[in-house]
Amino acid sequence: MRDAGRDQFRHFLTIPTRWMDNDIYGHVNNVVYYSYFDTAVNQLLIERGVLDIHRGEVVGYVVDSGCSYFRPIAFPDVVHAGVRVAKLGNSSVRYEIALYRNDDALPAAAGHFVHVYVERESNRTVTVPQTVRAALALIA
């Protein structure tokens, strides 16, 4: 996804960097990128009304994630996180996320994030709910 233009994503979340995101080398620490992924995906689900983090009976657990880094991001940059669905399975969703720095045309980093849906009370895998499928169809 090194060459993924912004036009390849239908959903974006703007995330301002924070002073504390920088590490001793003067750029955003690698672990923070995973936080951006988590924030972008879950904010999307909350905005679409398909994630209730407090009372939802079915929730998505992260079972896999990865990130490739291409160019540094540093405070006070603004991150534009593009999110798309790469694969919608029976009980899982694989998202692809690209992080664009300020107005850059190409991503500074890109990766993936996989949710497996489970019943909160039992922790047993369930089918991705229809409401979630419908919301994700808009960014597939």
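This note goes through the fold, the overall dimensions, the surface and the aromatic pairs of a predicted model.

1. Secondary structure. The chain contains two helices and five strands, and these elements follow one another along the sequence in the pattern β-α-β-β-β-β-α. Two of the strands and one of the helices return below, since strand S1 spans residues 11-16 and strand S4 residues 92-101, while helix H1 covers residues 30-47.

2. Overall dimensions. For a chain of 140 residues, a compact globule would be expected to have a radius of gyration near 14 Å, and the value of 15 Å found for this chain agrees with that expectation. Taken along the principal axes, the C-alpha atoms fill a box of roughly 45 × 30 × 20 Å.

3. Burial and contacts. Of the 140 residues in the chain, 46% are buried. Among the contacts with a separation of 6 or more, 71% are made by residues that stand 24 or more positions apart in the sequence.

4. Surface and charge. The accessible surface of the chain amounts to about 7,700 Å², and carbon and sulfur atoms contribute 51% of that area. The chain carries 14 positive and 15 negative charges, and the mean positions of these two sets are 4 Å apart.

5. An aromatic pair between strands. A pair of aromatic rings is described by the distance of the centres and the angle of the planes. The structure holds eight aromatic pairs. In one of them, Phe12 and Tyr100, the ring centres are 6.1 Å apart and the planes meet at 50 degrees, so the pair counts as tilted. Because Phe12 belongs to strand S1 and Tyr100 to strand S4, this pair ties together parts of the chain that are 88 residues apart in sequence.

6. Setting of that pair. With a relative accessible area of 32%, Phe12 is partly exposed, whereas Tyr100, at 0% relative accessibility, is buried. Phe12 and Tyr100 also belong, together with Phe9, to one aromatic cluster.

7. An aromatic pair within a helix. The rings of Tyr33 and Tyr36 have their centres 6.2 Å apart and their planes at 55 degrees, so this pair is tilted as well. Tyr33 and Tyr36 are three residues apart in helix H1, which means that about one helical turn separates them. Tyr33 has a relative accessibility of 3% and therefore counts as buried, and Tyr36, at 4%, is likewise buried.

Key. Residues numbered from 1 in each chain as written. Predicted model: local features only at pLDDT ≥ 70, side-chain atom pairs only at ≥ 80, totals over all residues. Heavy atoms only, no water. Helix = DSSP H or I, 4+ residues; strand = E, 2+ residues; numbered from the N terminus. Rg over C-alpha atoms; globule rule 2.2 N^0.38 Å. Buried < 20%, exposed > 50% of the residue type's maximum accessible area, 1.4 Å probe, protein only. Contact = heavy atoms within 4.5 Å. Areas by Shrake-Rupley, 256 points an atom, 1.4 Å probe, with all protein chains shown as cover. Lys, Arg positive; Asp, Glu negative; His and termini not counted. Charge placed at Lys NZ, Arg CZ, Asp CG, Glu CD. Phe/Tyr/Trp six-rings, centres within 6.5 Å; stacked < 30°, edge-to-face > 60°.
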